[in-house]
Amino acid sequence: MKVTASPSLIDRAVAFVNPRAGLARMEARTRLAASAAVFGSSGGYRGAQPDRSARRGWFARARSANADTLPNAERLRAEQRDAAMNQPIATAAINRKTTFVIGTGLMAIPAVNGAALGLSDDEQEEWEQRIASDYDAYMASKDVDAARQATGYGVQSIIERGAMTSGDILALRVMPTSQPGRVIETAWKLVEADRLRNPRQVQDGAVDARTGNRIIGGVELDAFDAPVAYHILRQHPGDLQVNAAANQEPERIEAWDRALDLPRVVHVYKKERPEQVRGVGMLATVLEPLKMVSDLSDAELFAAVMSAMIAVVYKSPGATPMPEPDYGDETGVASGDEAAVAYDIPPPANQYRFESGSVMEIDSEAEVDIKSPGRPNSAFDPFFQAVVRQIGAATGIPAGVLMLMFNSSYTASKAELEALYLEVRAERAWFGGDWCAPTFVCFIAEKVARGDYVMPGFFRDPAVRAAWTGVDWRGDGKITLNPAQEANGYKIRQDNGWQTGEEITAELTGGSYRENIRRRGREHRAWVSEGLPVAVSPGTPASGAKPQPDDPGADKKDDKE
């Protein structure tokens, strides 16, 4: 550690009169400077020392989660959506995450707490089958969407995309009883994040005088920072035709229906920091490299196209000039329009356009200088792949999966898929808790209120409601590169009790192990009733069949006997 102690004017004067006293003063000053450097420094980490050259120009402040995320949030959302629409890598990242996390939809696997409800095993299984069947029918229909434009599983994809591109998305629980053909009245009206705004008279973090609650980013909070209400504009501020009156003051919608203890609004976003009220999109940290690599790709593509344009330009004495466009007769009046007023049009500049196979003739005295772009650029692809790897690491999508390029070794491709599956499981757990679980409870509540389900104490006791609405969520299975080898590994895990059949089925296909057993039983009975031979797994003797001896010469011995 370098310590600097400079003598003051008084130190110089004392040293001039009494050198011994001056030396003592400088020694004391040096020790004082060393103590200040040790105990008064900004921190033991080099990153906390502002005087290091590597950190010059880096100005950072410790701010709250809302102070970091809410300023310029509208522009950030717009740029992320634009990237998802117009930049191929961003589009690929959004599509991969949605496909692997949601896919064909997250299916509910009811897990009723039969012990807490006093149900027998058969009763519990009967309830779980019934709820699963009814809820799957509801999700496969368009009753979930208040606009009746997407199925319940399609709504899951919309919610996932909205949370990734905009940072958050809202859904309002409505009961559109006037819509014909509805089986379930509980529906959800999706609202984009742009419509969540503060009242005009309330700034972010200020207290609303009408309610006494703080409002941040359009979310009204209680003393514990729990959402009390959401302030939502009646129309999207960027709609085709914006009604100014509808966007003056947002509508206050309470977060909970206190009478039924059910959510009125479901706010889906990833909370990564304490006190964070709004979400941040997945592309926020990679917007700049995405834009730059997209511009670079466009430039390289344009240069490659230009280099492929083979054109011939030759000199010829007395070459014919390029033809001029017809602007009218000599009087300056456009042909066919005698009533037009005469006007002077300056001669246009010569425009020479290269096209594939074109031939241009110029005068012999003219000079032509054609610059070759030298494409394709051999350095482009390594640089492009390096940027893609960084983007993949930031978004949690391995580069091979992001670009769908499995051209490396089996081990590397397998590792990428396994790493992606860890990300997918975490994403499904968050999505199931933030979106699927609240909507599942609202579905069960309507079935109980209508008398379809008899669940005593559902609306009176929260513990009873939790016992009835236990649920797991299963999505599409992960990709297997060697099905036979991986199936053998799953068999070993199940045989040793390291993994259950339910867990294995969920990983492989996203289905239900118990439902598979029931269906396989019906298939087996139908197979046997038709007199078809029952297939035997390799290494397993068929029922009643004679076991094969281990001795290769046993067959010959039996023949002799």
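In the predicted model, strand 2 and strand 11 pair in the antiparallel sense, over 5 bridges. Within this pairing, Ala-171 has Val-266 of strand 11 as its bridge partner. Strand 2, residues 168-174, is also joined to strand 3. That contact is antiparallel and comprises 6 bridges. Two residue pairs illustrate the register. Leu-170 stands opposite Val-191 of strand 3. Leu-172 stands opposite Lys-189, again in strand 3.

These pairings belong to an open sheet of 3 strands. The strand order is 3-2-11, and the pairing is antiparallel. Strand 3 (187-192) and strand 11 (265-269) are the edge strands. Each has a single partner strand, so one side of each lacks a neighbour in the sheet. Neighbouring strands of this sheet are turned against each other by 25° on average, direction ignored. Burial was examined for strand 2 as well. Of its 7 residues, 6 are buried, so strand 2 is largely enclosed by the rest of the structure.

A further open sheet contains 5 strands. Its order is 4-5-6-7-8, with antiparallel pairing. The edges are taken by strand 4 (206-207) and strand 8 (251-254). Each of these edge strands has a single partner strand, so one of its sides is left without a neighbour in the sheet. Strand 4 pairs with strand 5, residues 214-216, in the antiparallel sense. This pairing rests on 2 bridges. In one of the residue pairs, Val-207 has Arg-214 of strand 5 as its bridge partner.

Charged contacts were considered next. Side chains of opposite charge can pair when their charged atoms come close. A search of the whole structure finds 34 salt bridges. One of them joins Arg-77 to Asp-194. The closest N and O atoms of this pair are 3.8 Å apart. The contact links distant parts of the chain, with the two positions 117 residues apart in numbering. Arg-77 lies in helix 4 (residues 73-86). Asp-194 lies in the loop between strand 3 and strand 4. Both Arg-77 and Asp-194 are buried.

Other salt bridges fall within helix 16, residues 513-529. Arg-518 and Glu-515 meet through their side chains, with an N to O distance of 2.8 Å. The two residues are 3 apart in helix 16, about one turn of the helix. Arg-518 has a relative accessibility of 23% and therefore counts as partly exposed. Glu-515 is at 22%, so it also counts as partly exposed. The lower limit for this class is 20% relative accessible area, with buried residues under that value.

Arg-520 and Glu-523 form a salt bridge in helix 16 too. Their N to O distance is 3.1 Å. Here again the spacing is 3 residues, about one turn of the helix. Glu-523 has a relative accessible area of 47% and is therefore partly exposed.

The Arg-518 and Glu-515 contact is also part of a wider arrangement. Glu-125, Glu-515, Arg-518 and Arg-519 are linked in a network of salt bridges.

Terms used. Residues numbered from 1 in each chain as written. Predicted model: local features only at pLDDT ≥ 70, side-chain atom pairs only at ≥ 80, totals over all residues. Heavy atoms only, no water. Pairing = 2+ DSSP bridges. Helix = DSSP H or I, 4+ residues; strand = E, 2+ residues; numbered from the N terminus. Axes fitted to C-alpha atoms, helices over the stretch in contact; angles between N-to-C directions. Salt bridge = Lys/Arg side-chain N within 4 Å of Asp/Glu carboxyl O. Buried < 20%, exposed > 50% of the residue type's maximum accessible area, 1.4 Å probe, protein only.
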